[in-house]
Amino acid sequence: MAEEKHHHHHFHHHKEEGIPGEVDYKKEEKHHKHLEHLGELGAAAAGAYALHEKHEAKKDPEHAHKHKVEEEIAAAAAVGAGGFVFHEHHEKKEAKKEDEEAHGKKHHHHLY
């Protein structure tokens, strides 16, 4: 990509004492953590199904081609879910960083 676009999905739910329009980064961080965990579950399930279909291909030679196709589809789904997990992990870290910046916490960069 020649031009990388940064997009953030901020929740605009207000805390009772919050300022209208203020982004609740803690809630956003929790949301991305939840999606990250769901993605992990999806990746594990798809990977397990791929292994199951690999086993079925050996056990059922008459329908081996069908099982191999299903195995490949499940493996692709597992890789896609892994990519989603990676994306959500980044979004979670970004929300945490924005929360720290909004509340005046400093980032210390050590140069070695």
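Hi everyone. Let me begin with a definition: helices here are DSSP runs of H or I with at least four residues, numbered from the N terminus. One thing to keep in mind throughout is that this is a predicted model.

With that in place, let's start inside helix 1. K59 and E56 form a salt bridge, with their closest N and O atoms 3.3 Å apart. The two are 3 residues apart in helix 1, so about one helical turn separates them. As a reminder, an α-helix has 3.6 residues a turn, so residues three or four places apart point the same way. Now, are these two partners buried or exposed? K59 has a relative accessible area of 56%, and because exposed means over 50%, K59 is exposed. E56 comes out at 15%, and because the cut-off for buried is under 20%, E56 is buried.

Next, helix 2. This helix covers residues 64–102, which is 39 residues. How does its span agree with 1.5 Å a residue? The expected span is 57 Å, and the end C-alpha atoms are 57 Å apart, so the two agree. Following helix 2 comes G104, and its phi is positive, near 75°.

So what links the two helices? Let's take K26 and D99. Their side chains meet in a salt bridge, 3.4 Å from N to O. K26 sits in helix 1, residues 25–59, and D99 sits in helix 2, so this pair ties together parts that are 73 residues apart in sequence. K26 counts as partly exposed, at 48% relative accessibility. D99, by contrast, is at 6% relative accessibility and counts as buried. If you click on D99 and leave out residues up to four places away in sequence, you will find that D99 touches Y25 as well as K26.

There is another pair to look at, E36 and K92. Which parts of the chain do they come from? First, the contact itself: E36 forms a salt bridge with K92, and the closest N and O atoms are 3.0 Å apart. E36 belongs to helix 1 and K92 to helix 2, so to speak of distant parts of the chain is fair, with their positions 56 residues apart. Both of these residues, E36 and K92, are buried.

How many salt bridges does that make by this rule? The count comes to 3. Thanks for listening, and do have the structure open while we chat.

Conventions. Residues are numbered from 1 along each chain as its sequence is written. This is a predicted model: local features need pLDDT of at least 70, side-chain atom pairs count only at pLDDT 80 or more; totals for chains, interfaces and linings use all residues. Side-chain values use heavy atoms; hydrogens and water are left out. The expected span of a helix is 1.5 Å times one less than its number of residues. A salt bridge is a side-chain nitrogen of Lys or Arg within 4 Å of a carboxyl oxygen of Asp or Glu. Buried means under 20% relative accessible area, exposed over 50%, partly exposed in between (1.4 Å probe, protein chains only). Contact means heavy atoms within 4.5 Å.
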